[in-house]
Amino acid sequence: MNTVILFPGRKSDLVSRVSALPDIRVLIANTTEELRARLPEAEVMITSNRIYEAEAAQVIRELGKKLRWIQFTTSGVDKAIKNGLPEGVSVTNASGFHARRVAEHAMSLLLSVIRQYGETFAARPREVWVRDDVSPRTTSLERKTMLVIGLGAVGQDIARKAKAFDMRVIGISRSVGSLPNVDEIRPREQMLAAIAEADVIALGMTYDETTHHMIDAKAFAAMKPTAVLVNVARGLLIDEAAMIAALREKKIFGAGLDVTSEEPLPAGSPLWSLPNVVLTPHIAGAGGDNTEAVVKIFADNYALYRQNAPLGKLVYGPKIAPAAR
């Protein structure tokens with residue numbers, strides 16, 4: 001019998017679906033205190049990057065002595081890595097299952113910037129008809145070039161949606177080949193040259209030490225003054241100070257941001273008030289019930305786990321879950 005701990009275990013549908021899998025016993029922890037009491041029995045954990053705070057991370061490292069595998073219900077595991085994952089444990093994520101939602105949000109941010117929704121919406125409480133003010137700054141996507149940096153599930157779906165707006169799409173990827181809806185794929189070494197060609201730069205890659213501040217002052221200097229930056233990935237992909245300077249000085253047209261370097265965005269940040277920024281509070285993946293997708297990802301990996309086979313969507317640790325410690 002494999003003992004799996006759900007932290008948190010508030011979603012009854014998820015608990016019941018996981019409990020129905022073969023040879024499994026489910027424990028639930030909704031608080032750090034409950035985690036402290038029940039974790040020592042568990043070989044497998046299902047958790048979320050969102051709640052992987054420093055206190056929980058310490059408990060997991062100290063008391064998760066039997067842990068072999070942690071399955072995240074989120075794509076990102078950056079907070080967990082920052083706060084400290086246990087050594088020698090296989091860690092898998094849930095990347096890809098909400099790609100269409102995130103890509104949809106990316107296009108919404110982009111359209112909000114180029115169609116001047118921010119200024120238009122701000123005028124409503126004042127009951128001011130701002131047509132003559134915003135019309136000269138309103139633009140279109142037709143025949144424009146989008147650069148998608150990162151061609152995983154999210155990046156590919158952004159590209160697919162961009163094609164529906166009659167855009168040319170360039171992709172930046174570690175592996176250069178061919179993909180549907182991408183006119184040209186270039187290696188990361190050619191990113192600055194591609195940025196200089198782009199009317200829209202959309203970020204869809206994962207964050208790690210190799211992508212920290214990938215979009216820096218040099219990248220902003222390479223952008224067209226009419227360029228729009230869209231980020232639905234991670235805030236630390238961008239040098240935020242360099243971005244704020246470029247936006248303030250109108251070296252780029254605008255930015256649509258669902259993520260920031262620090263979240264929640266601190267009071268007093270210029271991003272709250274810059275008129276050429278559309279900002280949402282890290283909600284690109286929201287909408288709908290994720291239970292079905294999460295259960296499928298876990299169930300597929302659980303079958304591999306029982307066979308001592310390599311796990312899918314591995315982001316950290318050994319590909320095959322180690323023997324019980």
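Where is K250 found? K250 sits in the loop between α11 (240-248) and β11. This is a predicted model, and in it the phi of K250 comes out near 55 degrees, a positive value in a residue other than glycine. That's worth a glance because most residues other than glycine have a negative phi, and most peptide bonds are trans.

On the peptide-bond side, there are two cis cases to look at. One cis bond joins F7 and P8, with omega at about -5 degrees, and P8 lies in the loop between β1 and α1. Another cis bond joins E263 and P264, again with omega at about -5 degrees. P264 belongs to the loop between β11 and β12.

**The six-stranded sheet**

Let's take the sheets in turn. Six strands make up an open sheet with mixed pairing, and the order across it is β2-β1-β3-β4-β5-β13. Because β2 (24-28) and β13 (314-316) stand at the edges with a single partner strand each, one side of each is left without a neighbour in the sheet. Going from strand to neighbouring strand, the turn is 25 degrees on average, direction ignored.

Inside this sheet, β1 (residues 2-7) pairs with β3 (residues 44-47) in the parallel sense, and four bridges hold the pairing. If you want a residue pair to click on, try V4, whose bridge partner in β3 is V44. Helix α1 (residues 12-19) lies across β1, β2 and β3, and it runs at about 155 degrees to β2.

What comes after β13? One residue in the segment after that strand is P322. Leaving aside neighbours within four places in sequence, P322 is in contact with R68, G88 and S90. For a sense of scale, P322 and F220 are 102 residues apart in sequence, and their C-alpha atoms are 44 Å apart in space.

**The seven-stranded sheet**

The other sheet to look at has seven strands, is open too, and is parallel in its pairing; the order is β8-β7-β6-β9-β10-β11-β12. Its edge strands are β8 (184-186) and β12, each pairing on one side only. The twist here averages 15 degrees from one strand to the next.

Five bridges join β6 (residues 145-149) to β7 (residues 168-172), and the two strands run parallel. Here the pair to click on is I149 and its bridge partner in β7, I172. Helix α5 packs on the sheet and touches β6, β9 (200-203), β10 (228-231), β11 (254-257) and β12. The direction of α5 makes about 150 degrees with that of β10.

**Empty space: a pocket and a cavity**

Helix α5 turns up again in the second largest pocket. The elements giving two or more residues to that lining are α5 (99-114), α6 (117-123) and β12 (277-279). Which of the elements gives the largest share of the lining? That would be α6, with three residues. The lining has 16 residues, and those nearest the centre of the pocket are Q116, E119, R137, P275 and N276.

Then there's the enclosed space. A search of the whole structure turns up one cavity of 30 Å³ or more. Its lining is made of N231, G235, I238, E240, M243, L257, V259, T260 and S261. Some of these can be placed by their numbers: N231 is in β10 (228-231) and L257 is in β11 (254-257), while E240 and M243 fall in α11 (240-248).

Here are the two spaces side by side:

| Space | Volume | Lining by class |
|---|---|---|
| Second largest pocket | about 320 Å³ | nine nonpolar, four polar, three charged residues |
| Largest cavity | about 30 Å³ | four nonpolar, four polar, one charged residues |

**Salt bridges**

Finally, the charged pairs. How many salt bridges does the structure hold? The count is 18. One to look up is the pair D157 and R160, whose side chains meet at 2.8 Å, N to O. Both residues lie in helix α8 (residues 153-164), and they are three residues apart, about one turn of the helix.

Key:
Residues numbered from 1 in each chain as written. Predicted model: local features only at pLDDT ≥ 70, side-chain atom pairs only at ≥ 80, totals over all residues. Heavy atoms only, no water. Pairing = 2+ DSSP bridges. Axes fitted to C-alpha atoms, helices over the stretch in contact; angles between N-to-C directions. Contact = heavy atoms within 4.5 Å. 1 Å grid on protein atoms, 1.4 Å probe; cavity = no way out; pocket = protein on both sides within 12 Å on 5 of 7 lines; lining within 4 Å. Points joined across faces, edges and corners; volume = space filled by probe spheres on them. Nonpolar A, V, L, I, M, F, W, Y, C, P; charged D, E, K, R; others polar. Salt bridge = Lys/Arg side-chain N within 4 Å of Asp/Glu carboxyl O.
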